[in-house]
Amino acid sequence: MNYIILILGFILLIKGADIFVDGASSIAKKIGIPSVIVGLTIVSIGTSSPELAVSVISSVQGNNGIALGNVLGSNIFNSLVVLGGTALVMPIIIKKATVKRDFFVNLLVTLVLFFLTFDSLFFSKENVISRLDGLILVILCFIYMFLLIKSAKNSNIDENLTEKEKNISIPLKILMSILGILGIVIGGKLVVDSATNIAYSLGMSEKLVGLTIVAAGTSLPELVTSIVAALKGETDIAIGNVLGSNIFNILLILGLSSLISPIPVSKTLIFDFVFLIVVCIFIGALVFFNKNKKVKKLSKVEGLVLVGLYIGYMVYIIIRN
C-alpha cells in the first residue's frame with residue numbers, strides 16, 4: 001500500500017508544480033515583479049511547505065532529530081540535486097546581478113546557523129539550537145523578507161507586455177497557484193509518509209531517515225517545480241526557488257522549530273554542516289568565477305558533477321550510520 005501512495009504522491013507533486021509555476025509566473029508578468037523575486041518568495045515558501053510541516057510537527061512531538069536532519073538534508077539536496085538535476089534537464093542561464101545578493105545571503109545564514117549550533121566549540125557548552133537561537137533566526141527571516149519586498153517595489157515594471165499577458169486574470173492565476181500549492185503539499189506529505197514507513201520497515205535510524213528519505217521527499221516540490229520552471233523558460237524562478245528555499249529552511253523552519261522546542265545537536269552532524277558550507281562556496285565559485293561577467297550558463301556537465309557529489313554524500317552517511 002505504501003508503494004501505491006508513493007506513486008500517487010509523485011503524480012500530485014508533478015501536476016501541482018506545473019499549475020503553480022504557470023500561475024506564479026503569469027502573476028509576476030502581469031504586475032511587473034521580476035521572476036527571480038517570485039522564485040525567492042512565493043515559489044520558495046510554497047515549495048518549502050512540506051519541510052515546514054514535517055519540522056514543526058517533529059518538534060511538537062519531540063522528534064528533533066528529524067527536524068534538524070530534514071533541514072540540513074533538504075538544503076544539501078536543493079543545492080546539489082535540484083540545481084544539478086535541473087541543469088541536466090535544461091541548462092540554467094543565471095543572471096549574476098539578480099542572484100548575487102541571495103547567493104551570499106544563503107552562505108551567510110548557513111554560517112550563522114553553524115555558529116549558533118556549534119557555539120559550544122567556542123564557549124564550552126552543549127550543542128543545542130536554543131529558543132533564543134530560534135528567535136534570532138526568525139527575526140533574520142523577517143529582515144530578509146522586508147528586503148525582498150523592498151527590492152520588488154523598486155523594480156521597474158515592464159510595459160512591453162504581449163496582448164495575451166495583458167489579458168491575464170489575476171484572481172484566476174491566484175486560484176491556480178493555490179491549487180498548485182495544495183497539490184505540492186499533499187503530494188509531498190504522501191511521498192514523505194509512505195517513504196518514511198518503507199524506510200523504518202527496513203531498519204533505518206531516525207537521524208538517517210531525516211537526512212535522506214524525509215529530506216529528499218520534502219525537497220521533491222523544489223526539484224519538480226525547478227525542472228518545470230526551467231522547461232517553461234522560467235530559469236529565474238528555478239534558481240530563485242533553490243536559493244529562497246534554502247534560506248527559508250534555515251531562518252523560518254529551523255527558527256520556528258527551535259522556538260517550539262530547543263533542538264539538541266549530535267556532534268556527528270558537524271560534517272554535514274561543513275559539507276553544506278563547502279557546497280555553497282563551490283556553487284558560488286561555479287557561478288561567479290568565469291569569463292562572462294553578466295551571465296553564467298550552468299551546463300549539463302556541471303549538473304552531473306553536482307548530482308555526483310550528492311550520490312557520494314549519500315554513500316558516506318549511509319556507511320556512517
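**View 1. Cys280, a buried cysteine in helix α13.** In this predicted model, Cys280 counts as buried because its relative accessible area is 9%, and the cut-off for buried is under 20%. Zoom out a little and you'll find Cys280 with other buried residues of α13, including Phe273, Phe275, Leu276 and Ile277. Further along the list come Val279, Ile283, Gly284, Leu286 and Val287. Asp272 is on that buried list too.

**View 2. Helix α13 from end to end.** This helix takes in residues 270–288, which makes 19 residues. How far does α13 reach from its first C-alpha to its last? The span is 27 Å, close to the 27 Å expected at 1.5 Å a residue.

**View 3. Cys141, and a look for disulfides.** Is Cys141 buried or exposed? Cys141 is buried, since its relative accessible area is just 6%. As a quick reminder, a disulfide is a covalent bond between the sulfur atoms of two cysteines. With sulfur atoms needing to be within 2.5 Å to make a pair, the count here comes to 0 disulfides.

**View 4. A nonpolar patch on the surface.** About 770 Å² of surface belongs to this patch, and its members are Leu132, Leu135, Ile136, Ile139, Ile143, Phe146, Leu147, Leu256 and Leu259. Two helices, α7 (131–154) and α12 (235–260), each put in at least two residues. Which helix gives the most to the patch? That's α7, with 7 residues.

**View 5. Leu135, one residue of the patch.** Leu135 sits in helix α7. Its relative accessibility is 40%, so Leu135 counts as partly exposed.

Technical notes: Residues are numbered from 1 along each chain as its sequence is written. This is a predicted model: local features need pLDDT of at least 70, side-chain atom pairs count only at pLDDT 80 or more; totals for chains, interfaces and linings use all residues. Side-chain values use heavy atoms; hydrogens and water are left out. Patches are made of residues with over 30% relative accessible area and no salt bridge: like charges are joined within 9 Å, nonpolar side chains (Val, Leu, Ile, Met, Phe, Trp, Tyr) within 5 Å. Accessible areas come from the Shrake-Rupley method with a 1.4 Å probe; for residues, only the protein chains shown count as cover. A salt bridge is a side-chain nitrogen of Lys or Arg within 4 Å of a carboxyl oxygen of Asp or Glu. Helices (H or I, at least four residues) and strands (E, at least two) are DSSP runs, numbered from the N terminus. Buried means under 20% relative accessible area, exposed over 50%, partly exposed in between (1.4 Å probe, protein chains only). The expected span of a helix is 1.5 Å times one less than its number of residues.
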